[in-house]
Amino acid sequence: MTTNEESTHAGDSETGNRRPHARPVLAARALAGILAAAVTLGVGELVAVPFGSSASPFFAVGSTTVDRSPSWAREIAITAFGTNDKAALFIGMSILIAVFAALAGVVERPGRPYGSLVLVGLGLVGVYAATTRPGATVVDAVPTIVGVAAGLATLTILTRCALGIDHATHAGSGIPRRRFLVLAGAAAAVAVSAGVAGRHLAGSIAGAVRNRMAFVAPLVKTADRAPAVAPGSEIAVPGATPFITGNNTFYRIDTALQVPMLTTDDWALRIHGMVDREITLSWDDLTARTPVERTITLTCVSNEVGGSLAGTATWIGYPIKDLLDEVGISPDADMLLSTSVDGFTVGTPTALVRDGRDALLAVAMNGEPLPFEHGYPVRQVVPGLYGFVSATKWVVDWEVTRFDRAQAYWTRRGWAEQAPIKTASRIDVPAPFARVTAGEVLVAGTAWAQHRGIARVEVRVDGGPWDDATLAEEYSVDTWRQWHWRWQAVPGTHTLQIRATDRGGEVQTELRVEPIPDGASGWHTRSITVV
Ligand SMILES: Nc1nc2c(c(=O)[nH]1)N[C@H]1C(S)=C(S)[C@@H](COP(=O)(O)O)O[C@H]1N2
Ligand SMILES: [Mo]
């Protein structure tokens, strides 16, 4: 120590005085590079989770290597490693990356970030691989880019610290060495925990995807099938809303930042509270019951006048009433408080789910297992009530309780406790601010008043007299009903307005209110230019 200090103090620069420490510092810098690469890959793995496994930098590069290697190389690999060929590939890749990363650490200098350039180079290989996998898009570069950014930060911090060891040791201090070890430990922890978490999440997602693919829709007895949609229920006008909404175009509203990915094995429904018999239903218990198939229109309370937060699907599910009858609910109970796996809650009046309407625990949507976004494996569907008081997705818990004892998620945030769907009607054709040619113009749209039914739709132009639209055939009172109207349009800018009347004779109110607290109201109005 003393001699070194002396030689430092003697003013010997660069070479001479460093030699005794060059080795540990070199090792520290190499380690800094390797840890930077590890952080890049670990963070990349975690960020890749929502993008799918082919966006993971490590696996994208691995897969691309396999796909691009000439067949003789593959033959050799299979001959040499047999069924361990994949493990061999991953180990080989890891060694190669570690070598480059160690070099990157060694050549990195403050002000001369050659190591960072090496890391960016490795990142470009990852970006190339991730964005050229089958079905990949440019966004699949995101996990690699975020990973490289984390890796660059790691490299900068750790190499600074490693270089500090050198100077400090000359001064007789061990503090930078300890600091380096702490920071290196932290980097290793970040790399490993992000990587493990990423692989774990990706694995459970893959498990849920496989589970959903293996799902077989319950067989519904002919008598319990939903009637086919008659041609008369659907208006064949270009731009008109299809009667059945496709699963991919169905509106999605929920509070879930990450879509829950349950398997049917993970799923269970606990029924408790003011019941005679608490039970927990497994997937097999639920599907041992008799399913029914129903076509029902769902609507979101946040839908504005003329908005598109409504959709119709054919659902297969199990009547909620039967399950409640099975557990026996207290006559004092008036609320079914349902909770989804992510903690979201919904309060539904027990009286309404038991009044004979087709309130369902649904498992299939338009002939497919529920899409994950729409509640796989089990969700509620209750005709006539807005989604926030009825349509719990990923439902795993039912508490039978009272509205004066419990409050659901949106009610606590200022929305209503009770929310039957308000009568609504919408102009779909012509499109907003369309320019149409004078003469006969077909006006068409949809109207809904779930569980009451639509009896009439009227149209007026520029505030003139109301005229009856022609209604499409009614599918059921639980679905929307289409309509059309022939307009003798004259040139100019005109305002079309519509209103619906439900089967109870109630005319849709003109009163414009905002969606909060229990749904928007008012007549849909559309400006059209006739030329
Ligand atoms: N778990 C859960 N279920 C939920 C919600 C939610 O945020 N979380 N939102 C509800 C609301 S407000 C509506 S309108 C419907 C929408 O169902 P969809 O996304 O399948 O169209 O789901 C309901 N079920
Ligand atoms: Mo909603």
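**Reading a predicted model, step by step**

In this predicted model, an oxygen atom of ligand 1 sits 2.5 Å from an N or O atom in the side chain of K393.

Biologist: Which residues are the closest to ligand 1?

Modeller: A good way in is to list the neighbours, then look at single atom pairs. Here 18 residues surround ligand 1, and the closest are Y251, T255, H374, R379 and K393. For R379, a side-chain N or O atom is 2.6 Å from an oxygen atom of the ligand. T255 uses its backbone instead: one of its backbone N or O atoms lies 2.8 Å from a ligand oxygen.

Biologist: How should I read a helix such as α5, and which of its residues are buried?

Modeller: An α-helix has 3.6 residues a turn, so residues three or four places apart point the same way. Helix α5 covers residues 85-107, 23 residues in total, and spans 33 Å from its first C-alpha to its last, close to the 33 Å expected. Its buried residues are A88, M93, A101, A102, A104 and G105.

Biologist: What domains does the chain have?

Modeller: The domain assignment gives domain 1 (2-206), domain 2 (223-228 + 240-413) and domain 3 (424-530). Between the C-alpha centres of domain 1 and domain 3 there are 62 Å.

Biologist: Where does pLDDT stay under 50?

Modeller: Check the average, then look for weak stretches. The chain averages a pLDDT of 92, with 95% of the residues scoring at least 70. Over residues 1-20, however, pLDDT stays under 50, and the model has 16 contacts beyond four places in sequence for that stretch.

Note on methods: Residues are numbered from 1 along each chain as its sequence is written. Chains are lettered from A and ligands numbered from 1 in the order in which they are written. This is a predicted model: local features need pLDDT of at least 70, side-chain atom pairs count only at pLDDT 80 or more; totals for chains, interfaces and linings use all residues. Side-chain values use heavy atoms; hydrogens and water are left out. Helices (H or I, at least four residues) and strands (E, at least two) are DSSP runs, numbered from the N terminus. The expected span of a helix is 1.5 Å times one less than its number of residues. Buried means under 20% relative accessible area, exposed over 50%, partly exposed in between (1.4 Å probe, protein chains only). Domain bounds come from an automatic or database domain assignment. pLDDT is the predictor's confidence in each residue, from 0 to 100. Contact means heavy atoms within 4.5 Å. A residue is near a molecule or strand if one of its heavy atoms lies within 4 Å of it. A polar contact is a pair of N or O atoms within 3.5 Å; within protein, one must be able to donate a hydrogen and the other to accept it, and residues adjacent in sequence count only if both atoms are side-chain atoms.
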